Amino acid sequence: MATESLTYIFINAALVNNFVLAYFLGICPFLGVSGKYETALRMGGAVTFVMLVSSMCAYGIHWLLLQLDAPYLQLISYIVVIASTVQLVEMFIKKFSPALFRALGIFLPLITTNCAILGLALFQTSKGYNFVQAIFYALGAGVGFTIALVIMAGIREELDLADTPAIVRGTAIVLMVAGILSLTFMGFAGLGG
Amino acid sequence: MEATPTVRKTFAHGIHPPDFKEETRSKPIRRFPFAPVMIVPLSQHIGKPAKPVVAEGQEVERGQLIAEPDGFVSVAMHAPASGIIRKIGLAPHQSGRMVESIFLQPFPASGQQVDPGTPCEVETASPKEIITAIQHAGIVGLGGAAFPTHVKLSIPEDKRIDTLIINGVECEPYLTTDHRVMLEQTGDIFTGIRYVLKATGAKRAIIGIEANKPDAALKLRRSIPEEMPVNVELVKVKYPQGAEKMLITALLGREVPSGGLPADVHVVVINVATAAEIGRLLPRGRGIIERVITITGPAISKKGNYLIPIGTPLRYALDQAGLHEDVSEVVLGGPMMGQAVSSLDIPITKGTSGIVAFTSAETNHRPEKIYPCIHCAYCVDACPLFLNPSRLGILAKQGEYERMAAEYHLMDCFECGSCSWVCPSNIPLVQYFRIAKGIIREKKAQS
Amino acid sequence: MNTDPAHLSTNEFIKGLWRENPIFVQVLGMCPALAVTNSVINAIAMGLATTFVLIMSSMLVSSLRSFIPRQVRIASYILIIATFVTVAEYFIQAISIELHKNLGAFIALIVVNCLILGRAEAFASKNTIWPAFLDAAGMGLGFTFALICLGGVRELIGNGTLLGYMIFSENYQPWIVMILPGGGFFSLGAWLLLFNWMKSRKERLNLAAENSR
Amino acid sequence: MNHHHPTLNPPAAEPPSSWPMIRALAGIGILCSLLIVSTWQLTLPTITKKKNEYLEKAIYQVLPGATSKKTFKITPDGKIEQFEGEERGVQRVFAGYDDQGRLVGLAIEARGQGFQDVLKILYGFSPEKQAIIGMRVLESKETPGLGDKIEKDPDFLANFKELDVSLDENAQIRNPIVPVKHGTKANPWEIDSITGATISSKAVANILRENTLRLIPVVMKNLQAFEDGSLAGNGP
Amino acid sequence: MSLPKKTLEIRTSPHLKSPIQTDTIMRNVVYALLPVAAFAVYLFGLAALLVLLVSTLAAVLTEHFLCILNHRESTIGDWSAVITGLLLGLTLPPALPLWMVACGGIIAIALGKFMFGGLGYNSFNPALVGRAVLQASFPVAITTWYPAMTPDRFSSLPASSLTMPFMKPVWDTVTTATPLGQMKFEHIAAETDKLFFGMSGGSVGETSALIILICGAYLAARNMLNWRIPVTIFAVVAGLTAIFHGISPETYPTPQFMLFSGGLMLGAVFMATDMVASPLTTPGVIVYSAVIGVMIVVIRFWGGLPEGVMYAILFGNAVSPLIERSIQPRVYGTTSRRAKA
């Protein structure tokens, strides 16, 4: 059983070991959806939400697999459950909040292949978090993802107006900025203990 | 001198450029001789050009109506001198385009007498009559914008005016015309105010004067006719204090809504020289034929304030004032918002408040190199409308005109030039904004 | 145009190595490219594991392509990929616990590597087994190659070694930043810069050649 | 950005018949399960063996002289029980025995917060010397080249050759372990930290202090259980 | 009638221009940094002088060559590269091997500035980017402090300064701890007056609060530095520290100590105020500075590192566009802060 406090888990997942900037999880949406602030914010919200839901599901599956003594099914069941969760969430939102669906709609399918979600499920299992801890972990990871995404979007909106040299335009400069951000987030090391 | 307490009234932001007024502020207004040929453009105001009522070859008296207003937003024109109409045709204009103008050749011995017209008495005339009289006197805003004054004074039914502000700020560097008008045409100003108060129904008038003209303020204060609800208020020396919106905020603490008019906050603002002109012309039933202009700048040897007949070619005026050989730039109006001219063959119009001529010594010294915006925020701290010129400039450079208007209130900018003046990177912000506004207006017109 | 089948198959293979390199050109599968490239050995292991999964799942997808209805194809692909990833994971664990520890969860995360699903969807589902194999092998090796490029730079500068062998002197002062996350971003960024530069140079040369023609 | 996500667009509107779908998914499901289970069966023995070797290597490293081991767990109420395998949330203690089957010492797992993330270490405790006689980092994400010195720095590892954790008359630790500035170690219970990796080395010290304060008294009280473990002859 | 002989210039209004130019501002920042640098040289001798020279030279040359490489006009004339170089030098420990200093200068300009499009577009303070990369690369070298006021500081160099590239530096036996390090790891607080006048170990230029404040005041008086940034940072740091010190004087240092120790003075006065990387509007600037202040306190009190000014400012730079976009000035004549026509 992991004994970390909930604050520690949250801060660690959000800042110290930021999913994007320290674990490189969710790089695809980080590169792809960080062009505009509004989109980034929505994507962050969608990911956080799905993270929460799939973290709970993963907790349940893990428990079930322990009962069945079938650890080898972990990966395959996680991915299947995450994919179906995303589908369900999509249908659910579509039905109950069309406005939210319009805001998040196009991002939801993309989240299936977002490695941050699967990574979260795998990490939470290997860290042995209990249910509440897992929820805080998911929340921290989601918030951290959103922070990174939104900061990047802010900087990229500025860069769009900048006089950047031709060869750095595109992914190259985003990666360089991500590198600087990653160094910046190193300042959070040791927090929350 | 009256003890003036610390002047506090002002607006937020703004800049403090050097004023260069020292050389002309004590020069009394002097009259100018007639030029050999005068060119009276039919469009000296914002709005529709006037319609000529004279024919080529016709002789006219000084002050005689030569063109009448064509529609509501249009004003009359009067002959600046007695002479003969040589031609009605295209002539170069300040705007850079050729515009329909009346060419008048004054008689060699043309006198200064002016044809008397039908007076408009302030006591008997109705507000409507006053406004029509102002239109037919050809009066426009003499501060530089040349907006027909009668249009400004025609308050819509649903608006109520409580205060008339007389703008005697004259915040543009170099210019001292309003200063001299306040000192020398004090009586006319009060007469004019009386007309305007009646025309607009305002209960009181405030004359706003920048604190660097204490003599004018004193003179005006002492000359307030008895029982006239007029106040003279000093405002801080700061550019662009003379902008309508800024003056209203400084004096009354009201903010004209974005996209709105002073009437929306129950105010009408007219320039002090315009008021003087109304006060001088209406009781005599005359039209506007001359105006006070400061001719100054390093390239002028006889700097001063001159009463110049409208239609006098710039070249003639500058020649009279002693133009330096090495002149490199001539600006009509003040140096902050005025316009540089490419040709000296254009005539002086009703809107010309000053002529500033620079020699190449100054223009060569002006910084040319444009650095990238360093986000110093000088422009943000300067913009009297609290716009974000830095951001607007960056967007303009990328051609994001729609965003400029939609997100950053581009259309509110009145091009006071404060941002360009302070910009340490010499970014021609105002020019960018002018272009952007033009493009947006065009797009709007198309759709 | 050369329509010789042999040439075509070579083309399927070669394109992934360079012209359509998954990382440097298509910018796919960035997570593992950044996460496990702090040493060459990790990069190779990750690259080969991915290649294995890519080849196996591509071949399976290709052979089952008429059996899988369109509606459930993505779900089927994910199932297949996840299976081979699990297989790969157990094999790696059996080979070396240390290596498995170093790669951590990133082995499992091969499942969500867009490259694999992308190839299954874009190529394997539309081609027969042999081209699908060539395509997967080319892409996989291209991916491995890119990972080695990254890992090489990062290990060399960040640790002074290559595959664990000291390259510089004992006294080399390593740039630790290169094996930190930040260094991952920087080195991938730098490689992309290099590719951009080569691309723009080529375009310039082509343009010059066309103009002189 | 040329960034292609696999297209997840809905297929063209054709009347879906569910049988082929079910057939396909079921078929693939069966195929996949077969593949996974057979791999699992194939690799499990090797993996278990390797894992065990890995753990044993660590245990023998922190308990020099030990050649066989036995796993125990400490229950939350302070009881010692024999235990095999791995379970979450269990405080494992490995007893190491020499060739003659005598208890060399106990290898105890400890974890706590490091600089970047949770640190997991294994330390060897000798009941005879009432001291820590070895330490090994099992899991760490400390900064490479800096924090990871706690795994490599010989001066630092020398701290754990004989680190005093002796008990006083109340069967509590007399001098809790404390980290001190590099080069100022004066007492056997102090840990000389690493210059440039102060934080990580202090984290190790803190984890050890916290863990020893809690467990050493328990372990010492139940020493017999561990010694008996060897007599029972249930080798490695 | 006299005719002007040449054609008239037609420029758009305004036809007057304030005399302050970008290079004027930059040059004045350099002037303001010179006393700080001079005092650093007085404290640390030749070593500091070389660090400053090398970092400045590296920054300026990198800027020059990158411009040439990119077929642009060289921009070293705007003095901004000099500032970056000087600032970087001032944040480094005096005995840092000079080749590392040079690398820092190159990285600062290439990665921190040129990549973003040069002056005016750098999202982060370039000097701090250089320093952050150095810190992450050579964590030991960059936290090995050399004592101030050694008697032979003008006649000899620390052994590490001239280490060759690719070699491990040989450190002098006399190294020292920074007041912040002592506070964090040993709970020893240095005396405030010593900190204030700068007679303690630390980076080249992060020592004398007094001189930094005077130089900052000069710039602020000339309106070339937004005084609100340092003042807000000081207020936030002092305020938070006072609260925590009040609650537990044992654990937390005094506000004075926090203000005058480490890189806070240099960072708050010269780095956080980087015009390009900070917001434009006054409310934005206040939020930005508060973020930096809070983060300094958080890192120093609860983080793993003794000093967090660099990270705090970089973080502030990173969120600056977000602050900027959410806090736009209220436009005259409108009630909404954000314009949506």
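# Contacts and surfaces in a five-chain region

Q: At 21% relative accessibility, does E158(A) count as buried or partly exposed?
A: Buried means under 20% relative accessible area, exposed over 50%, and partly exposed in between (1.4 Å probe, protein chains only). E158(A) has 21% relative accessibility, so this residue counts as partly exposed.

Q: What kind of model is this?
A: Residues are numbered from 1 along each chain as its sequence is written, while chains are lettered from A and ligands numbered from 1 in the order in which they are written. Side-chain values use heavy atoms, without hydrogens and water; local features need pLDDT of at least 70, side-chain atom pairs count only at pLDDT 80 or more, totals for chains, interfaces and linings use all residues, and the model is predicted.

Q: Which residue forms a salt bridge with E158(A)?
A: A salt bridge puts a side-chain nitrogen of Lys or Arg within 4 Å of a carboxyl oxygen of Asp or Glu. Here the closest N and O atoms are 2.8 Å apart. E158(A) lies in helix α8 (residues 131-160) of chain A and its partner in helix α11 (residues 389-397) of chain B, so the pair joins two chains. The partner of E158(A) is R391(B).

Q: Is R391(B) buried or exposed?
A: The relative accessibility of R391(B) is 6%. That value makes R391(B) buried.

Q: How many salt bridges does the whole structure hold?
A: The search runs over all chains. Some bridges link up: E38(A), E157(A) and R325(E) are joined in a network. The total found is 34.

Q: How far apart in sequence are R280(B) and E277(B)?
A: Their side chains meet in a salt bridge at 2.7 Å, N to O. E277(B) is buried at 5% relative accessibility. Both sit in helix α7 (residues 272-281) of chain B, where helices (H or I, at least four residues) and strands (E, at least two) are DSSP runs, numbered from the N terminus, and about one helical turn separates the two: 3 residues.

Q: Which helix holds both R403(B) and E407(B)?
A: R403(B) and E407(B) form a salt bridge, with closest N and O atoms 3.3 Å apart. R403(B) is partly exposed at 24% relative accessibility, whereas E407(B) is buried at 15%. They are 4 residues apart, about one turn, in chain B helix α12 (residues 401-408).

Q: What is the relative accessibility of T24(B)?
A: T24(B) is found in the segment before β1 (30-31) of chain B. Contact means heavy atoms within 4.5 Å. Not counting residues up to four places away in sequence, T24(B) touches a set including Y174(B), R180(B), I295(B) and N305(B). T24(B) counts as buried, at 0%.

Q: Which residues does V291(E) contact, leaving aside neighbours within four places in sequence?
A: V291(E) sits in helix α12 (residues 282-302) of chain E and is partly exposed at 25%. V291(E) is 25 residues from G316(E) in sequence and 6.3 Å away in space, C-alpha to C-alpha. The contacts are F315(E) and V319(E).

Q: What is the area of the nonpolar surface patch that includes I167(C)?
A: Patches take residues with over 30% relative accessible area and no salt bridge; like charges are joined within 9 Å, nonpolar side chains (Val, Leu, Ile, Met, Phe, Trp, Tyr) within 5 Å. I167(C) is partly exposed at 45%, in the loop between β2 (165-166) and α8 (181-212) of chain C. With I41(C), L162(C), L163(C) and Y165(C), I167(C) makes a patch of about 490 Å².

Q: How much area do chain E and chain B bury between them?
A: Buried area is the accessible area (1.4 Å probe) that two parts lose on being put together, summed over both. The contact takes 47 residues from chain E and 71 from chain B. H15(E), L280(E) and Y332(E) supply 17% of the area that chain E buries here, more than any other three residues. Carbon and sulfur atoms carry 56% of the total, which is about 5300 Å².

Q: Which two residues form the salt bridge between chain E and chain B?
A: The count between these chains is 1 salt bridge. Its N to O distance is 2.7 Å. The pair is E255(B) and R330(E).

Q: How many strands does chain D have?
A: Buried residues make up 49% of the 236 residues in chain D. Among contacts between residues at least 6 apart in sequence, 55% join residues at least 24 apart. Alongside 5 helices, the strands of chain D number 9.

Technical notes: Areas by Shrake-Rupley, 256 points an atom, 1.4 Å probe, with all protein chains shown as cover.
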